[in-house]
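Visitor: I would like to take a close look at one small part of this model, and then see how the rest fits around that view. Could you walk me through it?

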Amino acid sequence: MSKEESHAQERFLETYDTLGDSVYRFIRLRLADHEAVLDLTQETFTRYWDHVREGKPVGNECALIFTIARRLVIDRYRAKRTDSLDELREEEGFDPVDEYEPPPSLKAEGEEALATLAELPEEYREALLLRFVEGLEPREIASILGLSANAVSVRIHRGIDTMRARMHVPTP
Amino acid sequence: MTNPHLNPEEFLKRAKGVGIPAHEKARMRSTLSEYAGHTGEAVRVGEPERLISRSSRLVPSPYYRYPFTLLKPMPIAIAAIIVVVLGGGTSYAAQGSLPGDILYPVKVHVNEPVEETFAFSTNARAQVEANIAADRLDEAAKLAAQGRLSTTTATELTAEFESHAHQAHVSVAALAEENPRAALAVDSALTARINENKTALNALVTEGKNVSVITNFLSSIAVQDQGVTTTGGATITGSDTGSAEGVLQGNMREEDSGNTHSPSASSSSVGIHANSNSDVKVATSSVTGGVHVGTSSGLHLNLDGE
């Protein structure tokens with residue numbers, strides 16, 4: 001293996017170390033089945049590696065990875081809408097997160113915060129997570145969600161208002 | 001919501017505490033490392049990605065035709081009775097059982113055949129077989145850790161491992177034609193689990209536990225392994241890399257010979273032809289049920305785009 005290659009692989013694993021948890025949280029917003037979440041988290045990184053190896057432009061690494069993750073989740077949804085017995089069996093358990101009920105054992109504060117996010121209307125979830133949990137800029141979020149930066153800011157704003165209302169926190 | 005004094009932004013930040021469960025994270029990391037190490041050599045930056053599946057490099061087990069070697073017909077009947085009498089929960093309880101446990105026959109003769117039956121797609125089939133193969137190694141490692149690995153059990157587990165690994169390889173080869181990425185993922189995951197167990201077993205040897213049985217177990221896998229090298233088998237490669245080596249095969253030898261990454265172009269008796277537009281063809285030879293079938297199938301895989 002050449003030096004460059006092993007360097008690239010090291011970088012790739014570092015990327016996983018840094019962003020693995022973030023991708024996992026992001027996917028959990030939309031999928032309830034834990035196995036499926038792990039599966040897609042891993043696939044996000046193998047796809048990312050393929051992308052890098054093919055020499056395609058990476059640009060903003062973090063934004064690219066979230067974009068891949070999001071696309072995989074959407075694909076998974078689509079796959080669910082087949083009625084072949086085969087697919088149905090394989091996809092069993094891929095319930096959209098609307099039916100998400102955190103198991104009672106997950107009492108940790110972090111889980112509570114994530115569950116609260118997952119209960120928000122879909123358009124706010126990802127924007128809020130990326131902004132406040134992962135600390136991305138609205139511009140980056142816009143490229144991940146395929147929206148304008150403006151639209152993202154609006155979503156973040158409304159999302160926070162919604163949360164405030166639910167948390168009974170007075171608007172400052 | 002519990003804390004009315006907390007502002008929403010602060011509250012959300014707590015979600016940072018959620019991450020991939022530790023053991024899953026480590027496992028995923030080793031799978032990814034395997035995946036990257038593998039494609040990393042086969043693919044060149046800027047070229048369309050390409051990979052050829054390795055196929056049946058493992059010697060098929062002589063027990064291949066007799067999948068029920070681990071236990072004879074009598075225990076199979078007992079397994080069925082246990083499930084009928086105790087109900088479905090048994091099958092769940094059996095999942096973690098080890099050879100010698102009462103519920104082990106249920107696991108091997110009820111749970112696993114059911115999984116196999118319901119694995120409809122090639123992908124599911126490959127995953128199920130790979131998982132079962134790796135489960136046999138897990139069991140060997142667990143038994144060894146408890147000092148319960150007998151020579152007989154070790155032999156049976158080796159046979160079962162070989163048999164399922166062979167089936168996994170056949171499925172992976174088929175899968176590689178329809179979905180090379182998925183095939184590689186299954187293969188990487190299996191390799192990662194094999195390596196995990198080899199590491200665990202080697203650690204036990206170092207500690208001086210059960211040395212002879214474990215050493216035999218490890219080498220019986222290695223012997224099978226060397227047997228194949230000369231009979232041929234398919235491999236992968238992009239262009240001129242020396243990485244013409246199946247992952248499974250490669251890693252076993254690596255560990256056994258104690259040297260890391262010596263891609264053995266020399267050891268592979270495989271025909272790889274790259275024609276002018278650099279598609280790669282591989283002559284596969286597979287061995288089934290003890291009969292050597294030279295299927296110059298010209299396995300031809302492309303991995304362009306998504």
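Visitor: What is the relative accessibility of B:Val114, and what does this residue count as?

Guide: Happy to, with one reminder at the start: this is a predicted model. B:Val114 has a relative accessibility of 41%. Because the range for partly exposed runs between the 20% and 50% limits, B:Val114 counts as partly exposed. You will find B:Val114 in chain B, in helix α5, which covers residues 104–118. B:Val114 also has partners at the surface: together with B:Phe118 and B:Phe120, this residue makes a nonpolar patch of about 250 Å².

For a contrast, let us turn to chain A. Chain A contains 8 helices and 0 strands, and read from the N terminus its elements follow the order α-α-α-α-α-α-α-α. Of its 172 residues, 47% count as buried.

Helix α2 of chain A is a good place to stop. A:Thr44 belongs to this helix and is buried, its relative accessible area being 0%. A polar atom of the A:Thr44 side chain lies 2.7 Å from the backbone oxygen of A:Leu40. A:Ala36 is also placed in helix α2 of chain A, and with a relative accessible area of 2% it is buried as well. In sequence, A:Ala36 and A:Val73 are 37 residues apart, while their C-alpha atoms are 9.6 Å apart in space.

The aromatic rings add to this picture. Over all chains, a search of the whole structure finds 5 aromatic pairs. One of them joins A:Phe12 and A:Tyr48, which are stacked, with 6.4 Å from centre to centre and 25 degrees between the planes. A:Phe12 comes from helix α1 (residues 3–28) and A:Tyr48 from helix α2 (residues 34–53) of chain A, so this pair ties together parts that are 36 residues apart in sequence. A:Phe12 and A:Tyr48 are both buried.

A:Tyr16 and A:Phe45 form an edge-to-face pair, with 5.3 Å between the centres and 90 degrees between the planes. This pair, too, links distant parts of the chain, since A:Tyr16 sits in helix α1 and A:Phe45 in helix α2 of chain A, 29 residues apart. A:Tyr16 is buried, and A:Phe45 is buried too. Back at the stacked pair, ring pairs link A:Phe12 and A:Tyr48 with A:Trp49 into a cluster.

Not every ring partner in chain A is another ring. A:Arg131 lies over the face of A:Phe132, 5.9 Å from the centre of the ring.

One last residue brings us back to the exposure class we began with. A:Ile74 is placed in helix α3 of chain A, residues 61–80. Its relative accessible area is 23%, so A:Ile74 is partly exposed, and B:Val114, at 41%, counts as partly exposed too. A:Ile74 and A:Arg30 are 44 residues apart in sequence, yet 9.2 Å separates them in space, C-alpha to C-alpha.

If you now go back to the display, you could set two views side by side. In one, B:Val114 contributes to a nonpolar surface patch with B:Phe118 and B:Phe120; in the other, A:Thr44 is buried within helix α2 of chain A.

Conventions:
Residues numbered from 1 in each chain as written. Chains lettered and ligands numbered in written order. Predicted model: local features only at pLDDT ≥ 70, side-chain atom pairs only at ≥ 80, totals over all residues. Heavy atoms only, no water. Phe/Tyr/Trp six-rings, centres within 6.5 Å; stacked < 30°, edge-to-face > 60°. Helix = DSSP H or I, 4+ residues; strand = E, 2+ residues; numbered from the N terminus. Buried < 20%, exposed > 50% of the residue type's maximum accessible area, 1.4 Å probe, protein only. Lys NZ or Arg CZ within 6 Å of the ring centre and 35° of its normal. Patch = residues over 30% accessible without salt bridge, like charges linked within 9 Å, V, L, I, M, F, W, Y side chains within 5 Å. Areas by Shrake-Rupley, 256 points an atom, 1.4 Å probe, with all protein chains shown as cover. Salt bridge = Lys/Arg side-chain N within 4 Å of Asp/Glu carboxyl O. Polar contact = N/O pair within 3.5 Å; in protein donor to acceptor, adjacent residues only side chain to side chain.
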